[in-house]
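Dear colleague,

I am handing over the structure below, and after it I set out what was found in it. Please read the notes with the coordinates open beside you.

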Amino acid sequence: MTMQTRSLGTTGPQVSALGLGCMGMSALYGDADRTESIATVHAALEAGVTLLDTGDFYAMGHNEMLIGEALRTAPAALREQALVSVKFGALRSPDGDWAGYDGRPAAVKNFAAYSLQRLGVDHIDVYRIARLDPDVPIEETVGAISELIEKGYVRHVGLSEVGADTIRRAAATAPISDLQIEYSLISRGIEESVLPATRELGISITAYGVLSRGLISGHFTRDRQLAANDFRAYSPRFQGDNLQHNLDLVEALRKIAEQKGVSVAQIAIAWVLSRGDDIVPLVGARTRERLGESLGALDVTLDDADLAAIERAVPADAAAGDRYPAPQMAHLGSK
């Protein structure tokens, strides 16, 4: 495995070609093993992964504290190479319910103060609001992050799950390093207007959900029982006939993977890598075993024939079901 690097846009840092999305180590995918999670972060750093992604609302700060512990206990050289991306703004209640998003400048600075403390760092490398606050112009939110940059608390401005119009407005306010948004073989909505806009403006994509929350990993089965605290138990793509349809797509993809001697997960990640050097996939591995499999995608080369076969097996818009339950879909920025 050779770890390549890619740039987070024309204004952002150089990062590893794969990043590690750490959300599942704390929330939304059932119980996780803290010791194994920290070992997985260490293994990622040792393999050359530099980009670690979290959110201050992942288990109400638990994920940031976990990353902070992983960084404190990593060798100094590995700790210094780590770049931390943080999403903020999601409002939670004590029972875990979602209560909207807060992008007010005062709130931005407040969220940052707590994140710096939980992470145990003196700056955040990329800072972004998780979803657009409909009551606060993006210019105000981005402007507040810019003030944090001026004071040395943040290095770069990122965006998350917004549409082309918002991207353009944000970029007119401050340099934007990257847009974090879902992108995979079965979630290709960004190709119509978002990806052309980011490429025009020199903004990269950090793609989450590249395995669609395990759905196209090759490891998910129809009879798998999901815990009540697992997001997928309520996700439309994992329900009833939708699940069977989507797993049929996975089996079509498996045939191509087997012909190349790689796993389904590796070919799915390699497909995202093939979409352009301005796209950095975030892999949500929670164990060292799954991390090792994901890293193997870096050695998978897809030629034109492979890509054509993948398109036939899993055409754009082939998935059944929305990627989030209806209430959460309403919070995704489309403008």
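Is Tyr127 buried or exposed? Tyr127 is buried, since its relative accessible area is 0%, and I should say at once that this, like everything that follows, was computed from a predicted model.

Tyr127 is also a convenient way into the aromatic pairs, of which there are 5 by the ring-centre rule. Its ring and that of Phe88 have centres 4.4 Å apart and planes at 25 degrees, and because planes under 30 degrees apart count as stacked, this pair is stacked. The pair joins distant parts of the chain, with Phe88 in strand β5 (residues 83-88) and Tyr127 in strand β8 (residues 124-129), 39 residues apart. Phe88, for its part, is buried, with a relative accessible area of 0%.

A second pair is formed by Tyr183 and Trp271, whose ring centres are 5.6 Å apart and whose planes stand at 50 degrees, so that the pair is tilted. Since Tyr183 lies in the loop between β10 (176-182) and α7 (194-201), while Trp271 belongs to helix α9, the pair ties together parts of the chain that are 88 residues apart in sequence. Tyr183 counts as buried at 1% relative accessibility, and Trp271 is buried as well, with a relative accessible area of 0%. Elsewhere, ring pairs link Phe57, Tyr58 and Trp98 into a cluster.

The helix packing comes next. Helix α4 (residues 105-119) and helix α5 (residues 138-150) have axes that come within 8 Å and cross at roughly 45 degrees, which makes α4 oblique to α5. The crossing by which α4 passes α5 is right-handed. On the α4 side the contact is made by Pro105, Val108, Lys109 and Ala112, and on the α5 side by Glu140, Thr141, Ala144, Ile145, Glu147 and Leu148; by class, the residues of this contact divide into 6 nonpolar, 1 polar and 3 charged.

Helix α4 also packs with helix α2 (residues 62-72), at an angle of about 40 degrees and with the axes 7 Å apart, and α2 and α4 are therefore oblique to each other. Here α2 contributes Glu64, Met65, Ile67 and Gly68, whereas α4 contributes Ser115, Arg118 and Leu119. The contact of α2 with α4 has 3 nonpolar, 2 polar and 2 charged residues.

Helix α9, already met through Trp271, packs with helix α8 (residues 240-260) at an angle of about 95 degrees, their axes being 8 Å apart, and this makes α8 roughly perpendicular to α9. The residues in contact are Val250, Leu253, Arg254, Ile256, Ala257 and Lys260 of α8 together with Val264, Ile267 and Ala268 of α9. By class, the contact of α8 with α9 has 7 nonpolar and 2 charged residues, and no polar ones.

Helix α9 (264-273) appears once more in the surroundings of helix α10, where the buried residues of α10 pack against α9 and also against β3 (19-21), α1 (34-46) and β12 (279-283). In α10 itself, which spans residues 288-295, the buried residues are Leu291, Glu293, Ser294 and Leu295.

With best regards

Key
Residues numbered from 1 in each chain as written. Predicted model: local features only at pLDDT ≥ 70, side-chain atom pairs only at ≥ 80, totals over all residues. Heavy atoms only, no water. Axes fitted to C-alpha atoms, helices over the stretch in contact; angles between N-to-C directions. Helix = DSSP H or I, 4+ residues; strand = E, 2+ residues; numbered from the N terminus. Parallel < 35°, antiparallel > 145°, perpendicular 65-115°, else oblique. Left-handed = near helix turned anticlockwise from the far one by under 90°. Contact = heavy atoms within 4.5 Å. Nonpolar A, V, L, I, M, F, W, Y, C, P; charged D, E, K, R; others polar. Buried < 20%, exposed > 50% of the residue type's maximum accessible area, 1.4 Å probe, protein only. Phe/Tyr/Trp six-rings, centres within 6.5 Å; stacked < 30°, edge-to-face > 60°.
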